[in-house]
Amino acid sequence: MTDRSAPGGSGVQASGARSIGVGGDVGVAISGDGARVVMLPAEVVRWARDVDAPPGSANLPGSASGVFVGREDELARLRRLLADEGEAAVTQVSGTRAIHGLGGIGKSTLALHYAHLHRHAYTVVWWLNAATTEQIVTGLASLALRLCPQWAPTAEVPERAAWAILWLQWHPGWLLVFDNVEHPDDLRHYLGTLPDGHHLATSRTGTGWHAIAPTMPLGLLDADAAVSLLCTLALGEGQTPSPHQREEADALAAELGYLPLALEQAGAYLFETGTSLADYRTLLGQVMDTAVGGIDPERTIARIWRHTLTAVEHRNPQAVTLLDAMAWLAPDDIPRTLLAPLSPDTRTLGEALGVLHSYNMISFSADRQSVSVHRLVQAVLRHRPAAGPDEHPPGRQDTEHLIRQAVPTQDTNAPQWERLLPHVIALAVTTPPHSPASIETAYAYHATAQYLYREGRDAHSIPLRTAALVHYEQVLGDTHPHTLTSRNNLALAYSEAGDLTHAVPLLEATVAQDVQVLGDTHPDTLQSRNNLAAAYYAAGDLDRAIPLLEATVAQFEQVLGDTHPNTLQSRNNLASAYESAGDLDRAIPLYEATLTQYEQVLGDTHPNTLHSRNNLAYAYYAAGDLDRAIPLYEATLTQYEQVLGDTHPNTLHSRNSLASAYESAGDLDRAIPLYEATLTQYEQVLGDTHPNTLHSRNNLAYAYYAAGDLDRAIPLLEATLIQRKQVLGDTHPNTLTSRNNLAHARKAAETVEQPDTANPATTPDLQHPSAPPDQPE
């Protein structure tokens with residue numbers, strides 16, 4: 001570990017408080033975490049307007065030909081609710097419906113049958129796996145592949161998803177099915193941006209929907225429907241059960257708790273093996289006593305599987321190996337290529353997956369190149385104990401091996417990374433307690449986290465960096481240099497997420513350990529100290545930030561030299577701290593000197609040079625020198641857009657700063673639209689409560705106030721103050737600024753008094769640490 005520098009007339013409509021609708025050759029917004037705002041060529045935008053969907057266009061994950069009983073009333077109710085555009089509770093997102101219930105209850109099956117039953121009433125029916133916002137973006141991107149094959153195959157996922165959103169804005173009358181939504185708020189942006197169709201969501205949670213959509217809780221099947229389903233599955237369609245068989249089915253359905261998934265898997269076993277209902281019930285009773293005190297879905301499924309898995313193993317032992325491995329991956333879109341190393345050849349893999357499919361343990365994608373496993377299936381498999389105290393649970397070691405083999409190289413294209421990403425995260429977050437640690441697995445987590453960092457999504461890397469740190473601590477010890485680097489990585493991810501309550505203590509511990517292990521002036525110690533000072537700065541604690549930065553800059557100059565990039569970065573942070581303390585006499589000369597050195601050492605358009613230039617522009621702005629500030633802001637923003645892209649956080653910060661300068665110059669006609677666009681992008685890229693998003697929201701609210709638009713200013717200031725108190729604390733300087741601005745705005749609503757201007761703050765840049773080597777000794 002040598003240093004900690006970073007490794008290599010439109011007609012478009014939108015409604016809702018945070019929606020966007022744009023056309024021409026303007027960028028199109030994609031909502032949700034990890035989303036982007038991208039620029040589409042004019043010709044591609046015209047295709048979004050002019051291309052019509054072929055009749056019956058859909059990507060439904062299964063057919064409607066399977067057995068479906070006991071949900072007719074729910075289907076009818078669902079149709080009424082989706083067709084009713086006048087429900088008062090859902091006026092912002094009319095046409096949206098959420099189904100929630102426990103795993104295995106049949107939510108997705110109900111949604112699938114609704115989609116098939118009414119598919120000809122819609123222009124397009126599109127199914128989206130929605131456990132994460134990134135999966136939603138990928139699902140939208142696949143719509144572009146279907147409708148615009150002349151362009152989409154050569155475009156990246158964000159561009160395809162942007163095109164899909166624009167197409168949906170142009171063409172009303174579609175149905176989007178968001179399956180397995182974990183966080184209802186993930187849908188908020190989409191529902192506001194896309195008002196002219198129906199949104200149907202399924203979710204295991206019944207909470208959090210009150211501001212999103214009305215819910216329809218889905219219960220267990222009634223006894224008659226459960227018995228009919230079980231008999232049809234076990235005996236085959238068209239077969240009439242005898243009175244004795246129906247009596248046995250009644251008893252078995254009761255033991256299975258009338259849970260649709262349990263009934264389906266029991267029926268698949270009975271049909272596949274020819275076992276009688278009576279014999280199966282006897283076997284089930286031998287596995288586990290009847291659950292007491294309500295239905296426990298995991299226990300119900302586990303009771304079925306003891307002998308289902310035995311039957312599968314007798315037919316194809318390889319199938320059980322594959323299923324055990326799939327338990328630790330994300331449930332949807334598991335590529336066959338990811339599983340291939342567990343089988344000697346393609347034919348063997350296909351036969352094993354076929355057996356699992358015949359027993360209703362997995363489902364295939366339309367092209368059969370990927371498989372999905374029900375989440376309840378995975379939950380049961382993951383809860384089986386390991387053979388010994390120092391061993392992995394079944395399948396865990398195989399899955400870690402698969403992921404280590406599949407992790408791409410740094411220069412691999414984004415689609416490969418994006419498809420693997422949910423599976424690596426799933427592996428990290430399901431790590432069992434006391435699971436054996438592995439340096440190789442830790443590096444797989446780290447490499448994936450670094451991909452997110454390079455994409456500007458380091459805040460999303462927290463589960464990966466947390467898991468990597470646990471492995472390093474267990475294998476290498478608490479103070480090994482690679483462990484310290486991993487801990488520093490995690491702290492900076494927390495900082496990027498705005499979670500300073502976790503970041504600051506972690507950085508303090510890392511600095512103390514760096515001093516003990518590496519010495520007081522080791523470059524890694526200095527970088528950790530610089531990062532800690534920057535975290536203090538971000539927390540508004542200048543009394544600790546400035547002395548620490550002054551000492552660190554002096555040490556960097558002595559150890560690395562006056563123009564080393566780490567020295568320049570630390571000096572830039574010190575200038576920012578002086579500026580925040582109101583000491584412009586020290587801040588401006590330090591900024592100017594640092595910028596000159598950045599240009600000489602790193603070049604005119606290096607991201608660090610651009611950040612330094614943007615900070616110097618703000619220092620001019622803070623000094624009231626708008627004649628120098630505005631041209632410098634404009635030039636810097638243009639370079640950011642060219643070098644980092646339109647939605648990189650640094651680009652957004654530069655855009656926000658330029659809007660502030662326009663506002664100070666009295667040019668609200670340019671300031672307010674720029675603020676509005678920037679805030680929307682911040683919400684999409686960094687999230688609704690990230691400190692930079694809150695800063696942007698505060699600035700927009702103040703611009704509304706300055707324009708005399710108190711009806712928009714006051715609610716926005718109120719919301720920002722509440723969020724700042726929650727995220728930053730009640731006494732943070734930015735919280736105090738929000739409180740002051742709100743007080744002035746409320747007073748102005750009663751009088752004509754003008755408030756003092758609320759100055760925006762510059763944010764220090766954090767130097768991201770490098771990874772330990774691939775195979776540390």
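**Burial, charge and backbone in a predicted model**

Student: Is Cys-231 buried or exposed?
Tutor: Cys-231 has a relative accessible area of 3% in this predicted model. A residue is classed as buried when that value is under 20%. Cys-231 is therefore buried.

Student: How many disulfides does the structure hold?
Tutor: Cys-148, with a relative accessible area of 0%, is buried, and Cys-231 is buried as well. A disulfide requires a pair of cysteine sulfur atoms within 2.5 Å. The number of disulfides in the structure is zero.

Student: What percentage of the residues in the protein is buried?
Tutor: The secondary structure of the protein comprises 32 helices and 11 strands. Its accessible surface is about 30600 Å², and carbon and sulfur atoms account for 51% of that area. Of the 777 residues in the protein, the buried share is 54%.

Student: Which residues form a negative surface patch together with Asp-224?
Tutor: Asp-224 is placed in helix H7, which spans residues 223–235. Its relative accessibility is 57%, so Asp-224 counts as exposed. The other members of the negative surface patch are Asp-222, Glu-247 and Asp-250.

Student: How far apart in helix H14 are Glu-351 and Arg-347, in helical turns?
Tutor: Among the 30 salt bridges found in the whole structure is the one between Glu-351 and Arg-347, whose closest N and O atoms are 2.8 Å apart. Glu-351 is partly exposed at 40% relative accessibility, whereas Arg-347 is exposed at 54%. Both belong to helix H14 (residues 346–358), and because they are four residues apart there, their separation is about one helical turn.

Student: Which residue of the salt bridge between Arg-487 and Asp-478 is buried?
Tutor: The side chains of Arg-487 and Asp-478 meet with an N to O distance of 2.9 Å. Asp-478 has a relative accessible area of 39%, so it is partly exposed. The corresponding value of 5% falls under the 20% cut-off. The buried residue is therefore Arg-487.

Student: How many residues apart in sequence are the parts that Arg-655 and Glu-641 tie together?
Tutor: Arg-655 is buried at 5% relative accessibility, while Glu-641 is partly exposed at 32%. Their salt bridge brings the closest N and O atoms to 2.9 Å. Arg-655 lies in helix H28 (residues 649–664) and Glu-641 in helix H27 (residues 626–643), so the parts joined by this pair are separated in sequence by 14 residues.

Student: Which residues do salt bridges with shared partners join into one network with Glu-400?
Tutor: A salt bridge pairs a side-chain nitrogen of Lys or Arg with a carboxyl oxygen of Asp or Glu within 4 Å. In the network that contains Glu-400, the residues joined to it through shared partners are Arg-396 and Arg-404.

Student: What is the phi of Asp-333?
Tutor: Asp-333 is located in the loop between helix H12 (317–326) and strand S9 (334–335). With a relative accessible area of 30%, Asp-333 is partly exposed. Most residues other than glycine have a negative phi. Asp-333 is not a glycine, yet its phi is positive, at about 55°.

Student: Where does Arg-368 lie?
Tutor: Arg-368 is not a glycine but has a positive phi of about 60°. Its relative accessibility is 43%, so Arg-368 counts as partly exposed. Arg-368 lies in the loop between strand S10 (362–364) and strand S11 (370–373).

Note on methods: Residues are numbered from 1 along each chain as its sequence is written. This is a predicted model: local features need pLDDT of at least 70, side-chain atom pairs count only at pLDDT 80 or more; totals for chains, interfaces and linings use all residues. Side-chain values use heavy atoms; hydrogens and water are left out. Buried means under 20% relative accessible area, exposed over 50%, partly exposed in between (1.4 Å probe, protein chains only). Patches are made of residues with over 30% relative accessible area and no salt bridge: like charges are joined within 9 Å, nonpolar side chains (Val, Leu, Ile, Met, Phe, Trp, Tyr) within 5 Å. Accessible areas come from the Shrake-Rupley method with a 1.4 Å probe; for residues, only the protein chains shown count as cover. Lys and Arg count as positive and Asp and Glu as negative; His and the chain ends are not counted. The place of a charge is taken as NZ of Lys, CZ of Arg, CG of Asp or CD of Glu. Helices (H or I, at least four residues) and strands (E, at least two) are DSSP runs, numbered from the N terminus.
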